[in-house]
Amino acid sequence: ASLIKHQSNVIEIACNNSELLNFLRENKKINANCAIIKSGKNLENYKNINIKQINLLTDLSSNYNRDFDYAILDNKIHNLENPKKVLREMLEIANYAIISLENFAFIKNRFYFLFKGRIFNENLKIYNKYCTIADFKNLCSELDFSIEKELFMIGGNFFSKNLMTNLFAKKGFFLIKKNEPSLTAQEDFIETKQTLIPNSYQVAF
């Protein structure tokens, strides 16, 4: 919640329940929106939340304009068959995306796999490799997204910076955005020229 400003317009992607959005409504006074994948949910707990049923790969940017301050994907990136497409779509409809993920490279998970030969949670459905902090940061680099803020859960506490987070952090939280396109040589020349013209001239011409 520390990554979200008060009274923001927020959408949660593929939300399974309304707990996070209700928490943000009460504590951050947000305008809450939810994009669900499956119908048949009990919608009684989604009161005062705007809901749409969508296909993550095709419907986000076609159903929403750039309507939101934040789009949230809470601990589901490992469930996505095409995470790159979904993240791009999220940043088409929102200024920022907030991604939380369970760090599969957490030291306890490594020991569990070492001694038992199984993943720490057999109920998880994993469809891609982006389920560690290091892999997610590499994904952001591949997509040319900047990580504006990051938080890590270590020993029940949250830290903004820590050494070896891929080993010691149980969860990671990332505020990301698109990198602004760099100026072309012509745009750079025009911008430089304009800074040399007195303000009164700029107003007149």
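Student: Let's start with Ser146: does that residue count as buried or exposed, and at what relative accessibility?

Tutor: Keep in mind that we're looking at a predicted model. Ser146 sits in strand E6, which covers residues 145–154. The cut-off for buried is under 20% relative accessible area. Ser146 falls under that, so the residue counts as buried, at 16%.

Student: Which residue has a side chain joined to that of Ser146 by a polar contact?

Tutor: Leave out residues up to four places away in sequence, and Ser146 touches Leu175, Ile176, Lys177 and Asn179. Among these, one has a side chain that makes a polar contact of 3.4 Å with the side chain of Ser146. That partner is Asn179.

Student: How many disulfides does the structure hold, and which residues does a disulfide join?

Tutor: The count for the structure is 1 disulfide. Its sulfurs are 1.8 Å apart, and the cut-off is within 2.5 Å. The pair is Cys15 and Cys34.

Student: What parts does that pair tie together, and how many residues apart are they in sequence?

Tutor: Cys15 lies in the loop between strand E1 (9–13) and helix H1 (19–28). Cys34 belongs to strand E2, residues 31–36. So the bond ties that loop to strand E2, and the separation in sequence is 19 residues.

Student: Are Cys15 and Cys34 buried or exposed?

Tutor: Buried means under 20% relative accessible area. Cys15 comes in at 1%, while Cys34 comes in at 0%. Both values fall under the cut-off, so the answer for Cys15 and Cys34 is buried.

Student: And what about Cys131 and Cys140, buried or exposed?

Tutor: We can use the under 20% cut-off again. Cys131 has a relative accessible area of 11%, and Cys140 has 1%. So these two cysteines are buried.

Student: Now the surface: which residues make the nonpolar patch of about 390 Å²?

Tutor: One of them is in helix H4, residues 107–116, and that one is Phe111. Phe111 is partly exposed, with a relative accessible area of 44%. The patch is made by Phe111, Leu114 and Phe115.

Student: Zooming out, what share of the protein's exposed area do carbon and sulfur atoms supply?

Tutor: The protein has 205 residues, and 39% of them count as buried. The area it exposes is about 12500 Å². Carbon and sulfur supply 50%.

Student: Last one: among contacts between residues at least 6 apart in sequence, what percentage join residues at least 24 apart?

Tutor: The protein has 8 helices and 8 strands. For contacts between residues at least 6 apart, the share joining residues at least 24 apart is 64%.

Key. Residues numbered from 1 in each chain as written. Predicted model: local features only at pLDDT ≥ 70, side-chain atom pairs only at ≥ 80, totals over all residues. Heavy atoms only, no water. Helix = DSSP H or I, 4+ residues; strand = E, 2+ residues; numbered from the N terminus. Buried < 20%, exposed > 50% of the residue type's maximum accessible area, 1.4 Å probe, protein only. Patch = residues over 30% accessible without salt bridge, like charges linked within 9 Å, V, L, I, M, F, W, Y side chains within 5 Å. Areas by Shrake-Rupley, 256 points an atom, 1.4 Å probe, with all protein chains shown as cover. Salt bridge = Lys/Arg side-chain N within 4 Å of Asp/Glu carboxyl O. Polar contact = N/O pair within 3.5 Å; in protein donor to acceptor, adjacent residues only side chain to side chain. Contact = heavy atoms within 4.5 Å.
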